[in-house]
Amino acid sequence: MNLLLIGSGGREHALGWRLAQSPRVARVYVAPGNGGTSGEDGLVNVELSSIGEMLAFAKSESIALTVVGPEAPLAEGMVDAFRAQGLKIYGPTRKAAQLESSKDFAKSFMAAHKIPTARHATFIDPTKAHAYVAAQGAPIVLKADGLAAGKGVIVAMDQPEAHRGIDQLMLSGAMDATATAGNKLVIEEFIEGEEVSFIVMIDGRNVLALATSQDHKRLLDKDQGPNTGGMGAYSPAQVVTPELHARIMREVIQPTVVGMEAGGEPYTGFLYAGLMITPDKAIKVLEFNCRMGDPETQPIMMRLKSDLFALVDHGVNGTLDRIEAQWDRRVGLGVVLAASGYPDNPRKGDEIAVVPRDADDFHVFHAGTRLDGDRLLSNGGRVMCVTALGDTVRIAQRRAYEIADQIHFSGKQMRRDIGHRAIAAKR
């Protein structure tokens, strides 16, 4: 059967690559895809931009199932539109996707259902936001309320930075070109600890937990520099013990599923809980995303041994309780290669040379790339994610960097310490 996958990033390349391996899948159309998906076996790029175009394509090509990668189509109601036409699609409805599309909604939801999270306040008046920061002090975290294309969070380590951040997010119009964030701002306490990405599949009632992972948000080594969409990730996250895993399911995931159903909007789709594990092992939800993470998807898909299409099919049909996911025992580790100027002003159009041919223990997932004839060019901030498998974090790390160092384009940026927390914990 034929599938439709929405998106153009590294997450979608990894999802499409794994979906295409199912013996039940003939072809995965990727809308719009990137330079890597265009050359991946079983994947076909299609230029579709609007929900209406995607709906028409799904009908004309007898698409058996559509999978939504990024957040924007979910917030726009793509799932609602497909379901109204009787088409199978995996993802949350527009109302359910408010868990990501509105930070204020998510915070209110967590408070109502006693899901642990940081203390917060929401503002539409910049003057009151400035006064709140002056009273609370720093470090403190600022979050634009709506979708902000990865640019809506500022972790301010001192008060001057916090005040500049308020002006940036609420007054400068910086969000206008990329976001639905508007002028509403959520300000929350800064929490120390170790971050974990906990991603599950939900069918409205049943939950299937995927492998845990840990992202690296800062641009530079040793977690320095500005926040980014993610500079690399590894799986599994070794901080998540079996006991902690059970607590996360009990304290975060199950109350979310029950709360959404009780509110009349059962949640179906991938759900990403960005968590902070504090030094005393308390769990705090930093954010919800209504999709797989990027770059976490890449090492998770490298480790997945099960048929991804079968998992998604159960997710659509409400039968996730009838299946389990099987995982490679090895560590998956992905290193992002970013463009010059990322994250603030990424440059596009740099030619990419020497991309090694994928092997059993590594895969180069494209994100911001496009083909210009025979030339492969950069076309976004995060250009690629080199993802490798290894018996330990250190071995997977060594293999990923061995491949990453062979890929060349002008201004290439990458961290050299992906997985450093796990490696340090082993010493």
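**Notes on the predicted model: cysteines, sheet, helix α2 and backbone exceptions**

1. C385 has a relative accessibility of 2% and is therefore counted as buried, a reading that, like everything below, rests on a predicted model. C290 also has a relative accessibility of 2%, so C290 is counted as buried too. As for covalent links between cysteines, a search through the whole structure finds 0 disulfides.

2. How many strands form the open sheet that contains β18? There are 5 strands, and reading across the sheet gives the order β12-β15-β18-β22-β19, with antiparallel pairing. The edges are taken by β12, covering residues 214–215, and by β19, each of which pairs on one side only.

3. Within this sheet, the pairing of β18 with β22 can be followed in some detail, since the sequence ranges of the two strands are known. Strand β22 consists of residues 382–390, and 8 bridges join this strand to β18 in an antiparallel arrangement. A reader who wishes to find the pairing in the structure can start from V331, which stands opposite G390 in β22.

4. Helix α2 has a set of buried residues, namely I51, M54, L55, F57 and A58. Why can these be said to line one face of the helix? When α2 is viewed down its axis, the buried residues fall within an arc of 165°, and so they line one face. The elements that cover these residues include the strands β1 (2–7) and β2 (27–32), together with the helices α3 (71–75) and α4 (78–84).

5. Just after α2 comes S62, whose phi is positive at about 50°, although this residue is not a glycine. S62 belongs to the loop that runs between α2 (51–60) and β4 (65–68). Is the residue buried or exposed? The relative accessibility of S62 is 57%, and because the cut-off for exposed is over 50%, S62 counts as exposed.

6. Strand β4 itself holds T66, and with a relative accessibility of 1% this threonine counts as buried. Which residues does T66 contact once its neighbours within four places in sequence are left aside? The contacts of T66 are L4, I6, M78, F82, K88, I89 and Y90.

7. A further positive phi, of about 55°, is found at K114, which again is not a glycine. The residue sits in the loop between α6 (103–112) and β6 (120–123), and its relative accessibility of 73% is the reason why K114 counts as exposed. As background for this point and for the next, most residues other than glycine have a negative phi, and most peptide bonds are trans.

8. Two cis peptide bonds deserve a look when the backbone is inspected. One of them joins A138 and P139, with omega at about 5°, and P139 is located in the loop between α7 (126–136) and β7 (140–144). The other joins Y342 and P343, where omega is about 10°. P343 is placed in the loop between β18 (331–338) and β19 (362–366), and β19 is one of the edge strands of the open sheet described above.

Methods:
Residues numbered from 1 in each chain as written. Predicted model: local features only at pLDDT ≥ 70, side-chain atom pairs only at ≥ 80, totals over all residues. Heavy atoms only, no water. Helix = DSSP H or I, 4+ residues; strand = E, 2+ residues; numbered from the N terminus. Buried < 20%, exposed > 50% of the residue type's maximum accessible area, 1.4 Å probe, protein only. Pairing = 2+ DSSP bridges. Disulfide = S-S within 2.5 Å. Arc of directions from axis to C-beta. Contact = heavy atoms within 4.5 Å.
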